[in-house]
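Here's a quick briefing for anyone opening this model for the first time. Take a look at the sequence and structure, then read on.

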2 protein chains.
Amino acid sequence: MTPPGVPFFSSRWVECPPHVRELPGGLPAGFRAAGVAAGIKPSGRPDVGLLVSDPPDTVSAARFTRSATQAPPVLLTRERCTLEGLRAVAVNAGNANCATGPEGFETAARMQAVAARLAGVDGGQVAVCSTGVIGVPLDGDAVERGLEQAAGALSADGDEGLTRAIRTTDAFEKQASLEVELPSGTVRLSAQAKGAGMIAPAFSATLLCFVECDAALAPETADLLLGVCVKRSFDRITVDGQLSTNDTAILLCSGASGVHVAPDSQDELRLGEAMDALLRQLALMIARDGEGAERVGRVVVRGGHEAAVEAVARAVADSPLVKTALHGADPNWGRIVQAVGAALPGAAPLPVDVDIEGVAVCRAGVAVPHDHQDLARRVRASEVEYVVTVPGDGAETEVFFSDLGHEYIRINAEYTT
Amino acid sequence: MTPPGVPFFSSRWVECPPHVRELPGGLPAGFRAAGVAAGIKPSGRPDVGLLVSDPPDTVSAARFTRSATQAPPVLLTRERCTLEGLRAVAVNAGNANCATGPEGFETAARMQAVAARLAGVDGGQVAVCSTGVIGVPLDGDAVERGLEQAAGALSADGDEGLTRAIRTTDAFEKQASLEVELPSGTVRLSAQAKGAGMIAPAFSATLLCFVECDAALAPETADLLLGVCVKRSFDRITVDGQLSTNDTAILLCSGASGVHVAPDSQDELRLGEAMDALLRQLALMIARDGEGAERVGRVVVRGGHEAAVEAVARAVADSPLVKTALHGADPNWGRIVQAVGAALPGAAPLPVDVDIEGVAVCRAGVAVPHDHQDLARRVRASEVEYVVTVPGDGAETEVFFSDLGHEYIRINAEYTT
């Protein structure tokens, strides 16, 4: 959770839209949730969560990892669920139920069936998510007991419990509850997210995000909003360029506010703005948390081709040289031009421009004299912005990225299984 | 240089061919070299080198970085040299002469002209190489004085001086002198390489390798041999996936041994085997040196498509999760399947097999029971082998990679400019 006194919208790169107000917590109308400790995490901390939307006409949308190594819960949810009509999410942390074969698939199916029975919905209306260690069997009995306990604890302010239950070694919790003024009325929007840090020995990073809204939307609208917002948030962050096996983002819209959001309406636009700000801030919090990161960078790349600006942005954001320079507060633009050059093989000589925190350091591939002391001071901030311009125009993208420091090594190398 | 008592061919992955014998040092017939301190490195260590092949009919071949950000010395050598007829190399360390614009190009041209005058050859016969900090003007006066001094010190056993002069923060020198028995006679083969470690604050890694041979080859044969050997050595290593702006590999063949190596002959085959072993061992030494690495991994990937096995091998070798696990001697195969999955988006569910040091840990994407203690012991070795099998057959590749540890962070983040 955001530290007391710190507003949720804390990044300079995300503006809280004027029609959005932060709430201290709680789920939108129609939702209940809970998180409990079921003994899956060795620490004994909460590790099983249940999220339910009570209205039968709940509408949903979902996005999953594109990895070829997808965990059984992801495969099950994709194969056996009605993704536009989900009403519940069963989730555990401490074990990713990944590389666990047919037995793992059966355990995921059992989670789905148990949660469906407890929530009083069809099996195909329950999404299943897991996060944690890869290649270790998930204890289905423990998860079932946890889900039963969670079902008994479901409440409208269970969002905090759910957030705690999906947390692994996240340094802080990532959730928000918002009130959104739409032309047709007021709705509420909340979300719980986890991940992007390396979690523990033998654990993989997983990004999970559950978004709840009590507006009434058509399934196509929900899918459009989630798709666009995920593309502008979670799809634009990187901690270490490592795609997880279990990433899942789910939007549930209960409709319980009675406010209808029609396609192409001002309501849709305003709700989209709110969801966009919400997911971008959560994504930035994940990048900020990643492996004990101290700084978050944003690289903006402009040029003539979508594929080129994307390749350059990823090359800069995933460059361990750029990331260690960000960690060390070193305005080392030589590493930027190196990463840019590597992203566009065969294009030499490439006239690239680089600006760091608004200071021009490189023009057309050549060093620009600048005040080194001043720039060194600017890159000591918690958020640092890089702008890279390659030839052409019409294309632009951005990637947010964590720095790379000793904590990453400590977490990922020193704690061995 | 290889520590005393340690044979040059020290990796389990490179065999010294039976017709190859290590020499204590020295250049093949027809070559002279020297390295001197010209004040470019702040440390005062040797930083300017000159390599000359005296026979006028010397034959050569060269390979350069594919980066779009190529340094002026690379651009100059590619544009103004007769690459199949090079007779000299002028090189400096401590400054990459990169992102230095037209002035940088002029400085590279001056290095070329000065070296040509000193060596008594045409300008187009002199390759120019630089390695070191990016974006800082290179002091042409200092380099000229250095080249003059080096020209006065040229000798047949100047290979060690040349190796020292191209070194930056390499933890050890990388060179070898070999005697190669060919059916048509005995030739000598030597090489000096540097790099792959992060060099200093604001420095980029650069790979330089100069190879000398006193056999007589046609230019096409020299180009073929260098091309094949570079593809199997320097093209197959990664420290951190970062392509440099200055990478250069040059082969010079003086012909001074009087032994002719004809195309498609047993001589060519044997010389190729020797050069292959030489460059592979040098490449492994560079991976071994990279950023204070403690271990080198080799990932072999087998499957049905060239592009797929290449993508998987790079994804595993460049994964910071795999690299930190290697550093921590953690047989964490979950990170391998994660990296494999990320390399082949959209291919889920992917039946991948993983073996670590000959131990089957994953079959068809599912964990295989194995002796964890035994495997943990095996991955504490200085070289660790991973074999990944994806569907199909007919394609296979390998990548050698450094681990990722605190020293990388220390070098790249803590020393700030």
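The notes below cover how the copies are arranged and how the domains of one chain touch.

This is a predicted model, where local features need pLDDT of at least 70, side-chain atom pairs count only at pLDDT 80 or more, and totals for chains, interfaces and linings use all residues. Residues are numbered from 1 along each chain as its sequence is written, while chains are lettered from A and ligands numbered from 1 in the order in which they are written.

**How the copies pair up**

- A turn of 180° with a shift of 0.0 Å along the axis lays chain A on chain B with an RMSD of 0.0 Å (a least-squares fit on the C-alpha atoms of residues with pLDDT of at least 70 in both).
- The two copies are therefore related as by a two-fold rotation axis.
- In chain A, A:His406 has the C-alpha nearest that axis, 3.0 Å from it.
- The copies meet through the same surface, because 100% of the interface residues of chain A are also interface residues in chain B.

**Domains of chain A**

- Chain A is split into domain 1 (20-290) and domain 2 (293-414), with bounds from an automatic or database domain assignment.
- Taken over C-alpha atoms, the centres of domain 1 and domain 2 of chain A are 32 Å apart.

**Where the domains touch**

- Domain 1 of chain A puts 12 residues into the contact and domain 2 of chain A puts in 11 residues (contact means C-beta atoms, placed from the backbone, within 7 Å).

Conventions:
Contact = placed C-beta atoms within 7 Å.
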